[in-house]
Amino acid sequence: DVVARIAGWKGRLDILVNNAGMNIRKRPEEYKLEEWHKVMDTNLTSAFLCSRAAYPHLKATAAAHGRAKVIHIGSMMSIFTGPTEKSS
């Protein structure tokens with residue numbers, strides 16, 4: 001609904017930036033299933049859903065104006081390791 005409202009308000013959608021992300025600082029084997037789903041829903045499912053909602057608007061913009069963009073921003077934590085527990 002938000003994507004459609006913005007595209008309707010401006011008459012087109014030129015860009016989507018997926019920038020949501022979170023982390024639970026635990027060792028992966030200590031994750032509860034609910035925590036795993038929270039991380040995956042925030043980091044992956046939200047980007048998928050926003051991209052899917054934006055796609056028809058971005059495609060129309062690209063056809064009419066020559067280009068549209070999707071930018072996915074990731075965390076350095078996906079490359080480097082960090083502490084798995086909070087310091088006391």
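## Contacts along the chain

A contact means heavy atoms within 4.5 Å. In the protein chain, 64% of the contacts with a separation of 6 or more join residues 24 or more positions apart. The model is predicted.

## Overall layout

The protein chain holds two helices and two strands. Read from the N terminus, these elements run α-β-α-β.

The chain has 88 residues, and 15% of them are buried. Its accessible surface is about 7100 Å². Carbon and sulfur atoms account for 59% of that surface.

## Glu35 in helix α2

Helix α2 covers residues 33–65, and Glu35 is part of it. Is Glu35 buried or exposed? Glu35 has a relative accessible area of 17%. Buried means under 20%, so Glu35 counts as buried.

Which backbone atom does the side chain of Glu35 reach? The partner is the backbone nitrogen of Lys32, at 2.8 Å. Setting aside neighbours within four places in sequence, Glu35 is also in contact with Ile24, Lys26 and Glu30.

## Val17 and a nonpolar patch

Val17 belongs to strand β1, which spans residues 15–18. Its relative accessibility is 44%. Partly exposed lies between 20% and 50%, so Val17 falls in that class.

Val17 also helps make a nonpolar surface patch. Which residues join Val17 there? They are Ile15, Ile71 and Ile73. The patch comes to about 320 Å². Patch residues need over 30% relative accessible area, and Val17 has 44%.

Definitions and conventions. Residues numbered from 1 in each chain as written. Predicted model: local features only at pLDDT ≥ 70, side-chain atom pairs only at ≥ 80, totals over all residues. Heavy atoms only, no water. Patch = residues over 30% accessible without salt bridge, like charges linked within 9 Å, V, L, I, M, F, W, Y side chains within 5 Å. Areas by Shrake-Rupley, 256 points an atom, 1.4 Å probe, with all protein chains shown as cover. Salt bridge = Lys/Arg side-chain N within 4 Å of Asp/Glu carboxyl O. Helix = DSSP H or I, 4+ residues; strand = E, 2+ residues; numbered from the N terminus. Buried < 20%, exposed > 50% of the residue type's maximum accessible area, 1.4 Å probe, protein only. Polar contact = N/O pair within 3.5 Å; in protein donor to acceptor, adjacent residues only side chain to side chain.
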